[in-house]
Amino acid sequence: MKLSIGIVGLPNVGKSTLFNALLKKQVANVANYPFCTIEPNVGVIEVPDERLPALAKIVNTTKIVPAAIEFYDIAGLVKGASTGEGLGNKFLSHIREVAAIVHVVRLFGDKNITHVSDKLNPEEDIKTIETELILADLETLNKQKEPKSNAPKEAIATYQVAKRVTEQLNQGIPARDIELTDEEKEAIKPLNLLTIKPVIYLFNISEDQLQNKEETEKRIKDILSKVSTNHQSLATNHYLYLCSKMEAEIVAFNPEEQKEYLEQYGLKESGLNRLIKEAYGTLGLISFLTAGTLEARAWTIKKGTLAPQAAGVIHTDFEKGFIKADIVSYQKFVEVGGWVKAREQGLVQTVGKDYVMKDGEVVEFKVNT
């Protein structure tokens, strides 16, 4: 399945630097002035998965196909973006296309890199972006006309939910914080609201702040607490921090050098890995694995996906022709050295159409094609 993440924030908070680091190459045009990224730079990168090389070795294949993630580097938003300020309408339309938002918040101080409001104020920066997204959603909702009495029930349902959401947005509460049933969420889905998308708050810090992790974490929690007055989810929402400048520098290092460098800061993995894991968690995603002579591959699905639908991710015909699936945990598969030993030792579970897939399972689907 497609996993798309939009990187948003005010100008000069480090979005494009982060984007370049994530892609391990200079794709975005990094410059010290607002709106240097006019079109959203889109990059598809591999999701790091240490399980795949181990599987490939066991099944004797050289082809490894990791899951993929799309990152959209969206140009800086400013106050007034919802009314077109700073090419805002164009940028907001790009955000509508993504599944989740990474909101980059500047925490580092650098007098050589200008701040759009001439002062460093993370709380106000978060509120500015949130307000603009709310205003953009209100504009969308205000265009909804009351349907006639003989209108389709779907149109009536959408309008009723839209009215309720509008009331909450006018109180400064984003759509993702409004208690909606699954049916209500489905009814409002066609409106593609910006504030209903999951958000990961990514604090861009300096190397000094990275070394003082305890103090930095305390400050971040304090910031989130301050901006959570009107909607509680910010305080408990998904967040992480990294130094995009450092991430951009270490992309040239080999894996062993990266590991040694990160250990100096008490880090076990790069910001890229941590961000992707956070993105997976935010969107409720897991991966199942396939391993054969052709390839070792990771497939992305939603938590709670049943076996036939998981098969359909590989090929739509597999869902229609699904018969059963042989499943073994990754750990057991590696311990015994593959399918043959796993079957001999009774470690393989044969499941049917009602089986709920779990993360990290190695699978062979039996289908009628």
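**Exercise 1.** Which elements each supply at least two residues of the lining of the largest cavity?

*Solution.* This is a predicted model, in which local features need pLDDT of at least 70, side-chain atom pairs count only at pLDDT 80 or more, and totals for chains, interfaces and linings use all residues. Residues are numbered from 1 along each chain as its sequence is written, and side-chain values use heavy atoms, with hydrogens and water left out.

Step 1. On a 1 Å grid over the protein atoms alone, a cavity is a set of points where a 1.4 Å probe fits but cannot get out; a pocket is an open set with protein on both sides within 12 Å along at least five of seven lines; lining residues have an atom within 4 Å of a point. The count comes to one cavity of 30 Å³ or more, and the largest cavity holds about 30 Å³ of space.

Step 2. Its lining consists of V8, I101, H103, I129, E130, L133, R176, V199 and Y201.

Step 3. Helices (H or I, at least four residues) and strands (E, at least two) are DSSP runs, numbered from the N terminus. The elements sought are β5 (100–106), α4 (122–142) and β6 (199–204); α4 gives the largest share, three residues.

**Exercise 2.** Describe the lining of the largest pocket.

*Solution.* Step 1. The volume, that is, the space filled by probe spheres set on grid points joined across faces, edges and corners, is about 840 Å³ for the largest pocket.

Step 2. Of its 31 lining residues, V47, P48, D49, E50 and N273 lie nearest the centre. Two or more lining residues come from each of α1, β2 (41–46), α10 (244–250), α11 (255–263), α12 (271–283) and β8 (285–291), with the largest share, five residues, from α12.

Step 3. With Ala, Val, Leu, Ile, Met, Phe, Trp, Tyr, Cys and Pro as nonpolar, Asp, Glu, Lys and Arg as charged, and the others, Gly among them, as polar, the lining divides into 16 nonpolar, four polar and eleven charged residues.

**Exercise 3.** Is N12 buried or exposed, and is N60 buried or exposed?

*Solution.* Step 1. N12 lies in the loop between β1 (4–8) and α1 (15–23), with a positive phi near 65°. N60 lies in the loop between α2 (51–59) and β3 (64–65), with a positive phi near 60°. Most residues other than glycine have a negative phi.

Step 2. Buried means under 20% relative accessible area, exposed over 50%, and partly exposed in between (1.4 Å probe, protein chains only). N12 is therefore buried, at 13% relative accessibility, whereas N60 is exposed, with 68%.
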